[in-house]
Amino acid sequence: MAIQIIFNVLIAFMWMFLSETYDFVAFVKGLMIGAILLFFLRRFLPGKYYIVRVYKLIKLNFIFLRELIFSTFAIIALVYKPKMTMEPGIFKLPTELKSDWELSLLSNLISLTPGTLTVAVGDDNRTLYIHAMDLPDVEAQINDIKNTFEKAILEVTR
Amino acid sequence: MIEILISILLLLGTFFSISGSLGILRFPDVYTRLHAATKAATLGVACVLLGSFIYLFFDQGIISGKLLLGILFVLITAPISGHMISRAAYNSGVDLWERSEKDHLSKDLKKN
């Protein structure tokens, strides 16, 4: 994984020297040529082809943007409601993620989407305690997070 | 045409910010208020910065990296402050709103 990125950057610099133009556009061109070369050489390099992960990362960003916009409108609808009828509460989210990096990414994404806020992380690093604005059904909420964010993060890191 | 897009972005940004402030006033307890304070405001600031980025790009021809970095840093820091405030509130014993349905955390804390 890391060695592939280093190769790609090296190829980009080589391309800059070969074409004798030293600007950002030439660097990006070199990166693209490097990505194509690495695609043909992927059998001889360790790990999965890393552009796949870049693609999944972009996909994660789009999932996040969609959730952000939808849930902001849900919160705003609650703000302008004449009577406070929501049922807030703290629920437990068991997670399959292992490393600290994945866990902090998940909890930050959960905190960033309106309607859910990470209050605490369990001692075993396997559970997140999440405060939700409107919590009629705990199971539905857990499945929602598992199917969107957790799945997308697992695709990026594994 | 592009002016309409910029105006929509700026107006949406201000609308989100105002709704966030109203939410801080209206919601019943610390945790629900944090939702309004840290989230709606995030999207509001992001919309305003994006609107000014598009304005600078099409009107002045400047690609302003600072504005994009501003959006990135707001997105990085907002969840951390929200998490830390709610954690500090919970650990110092601030109660949830009385109509709150579930509290799995208090049970797990008592076990230890």
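**Sheet, salt bridges and surface patch of chain A**

At 21% relative accessibility, Lys56(A) counts as partly exposed, because the buried class ends at under 20% relative accessible area. In this predicted model, Lys56(A) forms a salt bridge with Glu155(A), with 3.9 Å between the closest N and O atoms. Glu155(A) belongs to helix H5 (residues 138-157) of chain A and Lys56(A) to helix H3 of chain A, so the pair ties together parts that are 99 residues apart in sequence. Glu155(A) is itself partly exposed, at 31% relative accessibility.

Lys59(A) also forms a salt bridge with Glu155(A), and here the closest N and O atoms are 3.9 Å apart. This pair likewise links distant parts of the chain, Lys59(A) in helix H3 of chain A and Glu155(A) in helix H5 of chain A, 96 residues apart. The relative accessible area of Lys59(A) is 35%, so this residue is classed as partly exposed. Lys56(A), Lys59(A) and Glu155(A) are thus linked in a network of salt bridges.

A further salt bridge involves helix H5 of chain A. Lys146(A) pairs with Glu96(A), the closest N and O atoms being 3.9 Å apart. Since Lys146(A) lies in helix H5 of chain A and Glu96(A) in the loop between S1 and H4 of chain A, the pair ties together parts that are 50 residues apart in sequence. Glu96(A), at 46% relative accessibility, counts as partly exposed. Over all chains, the count comes to five salt bridges.

Chain A also contains an open sheet of three strands in the order S1-S3-S2, with antiparallel pairing. Strand S1 (89-94) and strand S2 (116-121) of chain A stand at the edges; each has a single partner strand, so one side of each is left without a neighbour in the sheet. Neighbouring strands are turned by 35° against each other on average, direction ignored. S1(A) is joined by six bridges to strand S3 (residues 127-132) of chain A, the two running antiparallel. Within this pairing, Gly89(A) stands opposite Ala132(A) in S3(A). On the other side of the pairing order, five bridges join S2(A) to S3(A), again antiparallel, and Leu117(A) stands opposite His131(A) in S3(A). The hairpin of S2(A) and S3(A) has five residues between the strands, and in it Asn125(A) takes a positive phi near 60°.

Helices from both chains meet this sheet. Helix H3 (residues 65-91) of chain B lies across S1 and S2 of chain A and runs at about 60° to S2(A). S2(A) is largely enclosed by the rest of the structure, because five of its six residues are buried. Within chain A, the pairing of S1(A) with S3(A) comprises six bridges. Helix H4 (residues 100-112) of chain A packs on the sheet, touching S1, S2 and S3 of chain A, and its direction makes about 145° with that of S2(A).

Helix H3 of chain A, which carries Lys56(A) and Lys59(A), spans residues 50-79 and also includes Val54(A). Val54(A) is partly exposed, at 37% relative accessibility. Together with Ile51(A), Ile58(A), Phe62(A), Leu65(A), Ile69(A) and Phe73(A), Val54(A) makes a nonpolar surface patch of about 610 Å².

How values were computed:
Residues are numbered from 1 along each chain as its sequence is written. Chains are lettered from A and ligands numbered from 1 in the order in which they are written. This is a predicted model: local features need pLDDT of at least 70, side-chain atom pairs count only at pLDDT 80 or more; totals for chains, interfaces and linings use all residues. Side-chain values use heavy atoms; hydrogens and water are left out. Patches are made of residues with over 30% relative accessible area and no salt bridge: like charges are joined within 9 Å, nonpolar side chains (Val, Leu, Ile, Met, Phe, Trp, Tyr) within 5 Å. Accessible areas come from the Shrake-Rupley method with a 1.4 Å probe; for residues, only the protein chains shown count as cover. A salt bridge is a side-chain nitrogen of Lys or Arg within 4 Å of a carboxyl oxygen of Asp or Glu. Helices (H or I, at least four residues) and strands (E, at least two) are DSSP runs, numbered from the N terminus. Buried means under 20% relative accessible area, exposed over 50%, partly exposed in between (1.4 Å probe, protein chains only). Two strands pair if DSSP finds at least two bridges between them. Axes are lines fitted to C-alpha atoms, for helices over the stretch in contact, and angles run from 0 to 180 degrees between N-to-C directions. Contact means heavy atoms within 4.5 Å.
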